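Visitor: I should be grateful for a close look at a single part of this model, the surroundings of its ligand. Please set that part in the context of the rest of the chain.

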Amino acid sequence: LKLGCLISGRGSNLQALIDACAAPDFPAEIALVLSNKADAEGLERAKAAGIATSVVNHKEYADRDSFDAELDRRLRAAGVELVCLAGFMRLLTDGFVEGWRDRMINIHPSLLPALKGLKTHERALEAGARFTGCTVHYVRPEMDEGPIIAQAVVPVLDEDDAASLGARVLAEEHKLYPLAVRLIAEKRLSITGNRITVTGDKN
Ligand code: GRF
């Protein structure tokens, strides 16, 4: 399965996918890494792994439609079959999202549908949650909504601050994203409304 990864920054989830794809039995490869920021650290990670990169600077486009059209064009030109949002900090237009319906996934640092949006770890602590985690889901036009593919639960500890909690969640993200990609590549998911069933579980 050919992946196109959209990033804006650090790219640690991208790195997890790069590492997963390096295993000979992993059923996916990264065809293109696209960033809206030329200085995104993730671009260096991709280059170091010999993966094609491309920058589409949103500031050079008059509106979101023309920016998204350029993203779409480059993804299709690279033969991308599954778009993986990995810390991509731009909202995508409904047209783009519909064009990649059931072929675009996102990783979010909370147990959706709780804590959509930004600053999830700060808000988990503020709310006194005992557990939080991360979610990989198919993308729908509404932000952080869509069928949930996989989640991992992480405990909140008494001594946590946002940084320590975020680091514990991030370690789980790095396992969860490759797992979700594998399930898709092996065609083991079926989507009915918001619900996903996994077939062929080996345990
Ligand atoms: C991650 O926490 C991810 O869940 C969120 O943005 C962050 C990206 O981090 N969507 P990185 O760029 O993958 O290191």
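Guide: The account below begins with the ligand shell and then moves outward to the helix, the strands and the domains. The model is predicted, and local features need pLDDT of at least 70, side-chain atom pairs count only at pLDDT 80 or more, and totals for chains, interfaces and linings use all residues. Residues are numbered from 1 along each chain as its sequence is written.

The ligand is surrounded by 13 residues, of which the closest are R10, S12, N13, G87 and P109; a residue is near a molecule if its C-beta atom, placed from the backbone, lies within 6 Å of it. Two or more residues of this shell come from each of α1, β5 and α6, where helices (H or I, at least four residues) and strands (E, at least two) are DSSP runs, numbered from the N terminus. The largest share, three residues, is that of α1. By class, the shell holds five nonpolar, six polar and two charged residues. In this scheme Ala, Val, Leu, Ile, Met, Phe, Trp, Tyr, Cys and Pro count as nonpolar, Asp, Glu, Lys and Arg as charged, and the others, Gly among them, as polar.

Helix α1 spans residues 12–21, and its buried residues are N13, L14, A16, L17 and I18. A residue is buried if 20 or more other C-beta atoms, placed from the backbone, lie within 10 Å of its own, exposed if 12 or fewer, and partly exposed in between. The cover over the buried residues of α1 includes β1 (2–7), β2 (29–35), α2 (41–48), β4 (82–85), β5 (104–108) and α6 (162–185).

Of these elements, β4 is covered on both faces: L82 and C84 are buried on one side, V83 and L85 on the other. Strand β4 pairs in the parallel sense with β1 over four bridges and with β5, also in the parallel sense, over three bridges; two strands pair if DSSP finds at least two bridges between them. V83 is the bridge partner of G4 and also stands opposite M104 in β5.

Strand β5 contains H108, which UniProt lists as "active site" in an unreviewed entry. UniProt positions follow the numbering used here, feature names are shortened, and annotations may be inferred rather than shown by experiment. H108 counts as buried because it has 22 C-beta neighbours inside 10 Å. Leaving aside residues up to four places away in sequence, H108 touches C134, T135, H137 and D144, contact being defined by C-beta atoms, placed from the backbone, that lie within 7 Å.

At the level of domains, the assignment gives domain 1 (1–100) and domain 2 (107–203), with bounds from an automatic or database domain assignment. Their centres, taken over C-alpha atoms, are separated by 20 Å. The contact takes 17 residues from domain 1 and 15 residues from domain 2. On the domain 1 side, α1, β4 and α4 (94–99) each supply at least two residues, and α1 gives the most, with five residues. That side has 14 nonpolar, two polar and one charged residues. The ligand shell draws at least three residues from each of the two domains.

Key:
Two residues are in contact if their C-beta atoms, placed from the backbone, lie within 7 Å.
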